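Reader: Could you take me through this structure, please? I should like to begin with the strands and then turn to any enclosed space.

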Amino acid sequence: ELGFPSYDAKHPQHRAASLAAIILGAGTSSRLYQRIREQEGLVYQIYMFPEAYSDCGLLDTYFSSSVGEAEKVVRLIAEELRKFKEEGLLEGELERAKRWVKGMFVRKLESTENRMYWLGENYLLSGKVQPIPHWMEEFERVTEDQVLAAAQNLFKTRKLCIALHTPEKQGKKIARDLSSLDF
């Protein structure tokens, strides 16, 4: 797992950071899935997801691979983060990410119970209950420049936290070898 501190739920860049995470790691058309699972065949699953709380946030990347491939996977993730920061978004990526958010949101809130849970959670995080269309409009207003600015600010080597679930000997070697990681 790779994690980066991110914005809290009320931060103006929270939605831009969420869209960056979606472009990079949500769904089968995401950059990480396409590169690391489909092209390289190194993982069974890989995804990046945003978490936002009242006082902090997190962009978390999860993957499952063999111990022997873990270092290579982390290096490929770093390469994709570097490429994202340096080259920006590809044509259509932001629109796809916004559609993904809307689709997930609509499916998630299909039941009354889920809708009530979401409204309560939203109130606890932001101190207000926003109508669902307002919440979706906030994502729609996010620009490519805002997504890239969030990525530039959050995806920094010095902010990276890695958790490896490996046997101790292999984990220590991977950690040593990744100490020079830079993006």
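Author: Certainly; please note that this is a predicted model. Strand 1 (residues 2-6) is paired with strand 3 (residues 57-64) in the antiparallel sense, and the pairing comprises five bridges.

Reader: Which residue of strand 3 is the bridge partner of F4?

Author: The partner of F4 is L59 in strand 3.

Reader: And how many bridges join strand 2 to strand 3?

Author: There are eight bridges between strand 2 (residues 45-52) and strand 3, and these two strands run antiparallel. Within strand 3, L59 stands opposite P50. L59 is thus a residue to look at twice, as it is also the bridge partner of F4.

Reader: What joins strand 2 to strand 3?

Author: A hairpin makes that connection, through four residues.

Reader: Turning to cavities: how many of 30 Å³ or more are there?

Author: The count is one cavity of 30 Å³ or more. The space in the largest cavity is about 30 Å³.

Reader: Which residues line the largest cavity?

Author: Its lining consists of K98, V101, K102, M136, F139 and E140. Helix 4 (93-108) and helix 6 (132-140) are the elements that each contribute two or more residues to that lining.

Reader: How does the lining of the largest cavity divide into nonpolar, polar and charged residues?

Author: Three of the lining residues are nonpolar and three are charged, while no polar residue takes part.

Terms used. Residues numbered from 1 in each chain as written. Predicted model: local features only at pLDDT ≥ 70, side-chain atom pairs only at ≥ 80, totals over all residues. Heavy atoms only, no water. Pairing = 2+ DSSP bridges. 1 Å grid on protein atoms, 1.4 Å probe; cavity = no way out; pocket = protein on both sides within 12 Å on 5 of 7 lines; lining within 4 Å. Points joined across faces, edges and corners; volume = space filled by probe spheres on them. Nonpolar A, V, L, I, M, F, W, Y, C, P; charged D, E, K, R; others polar.
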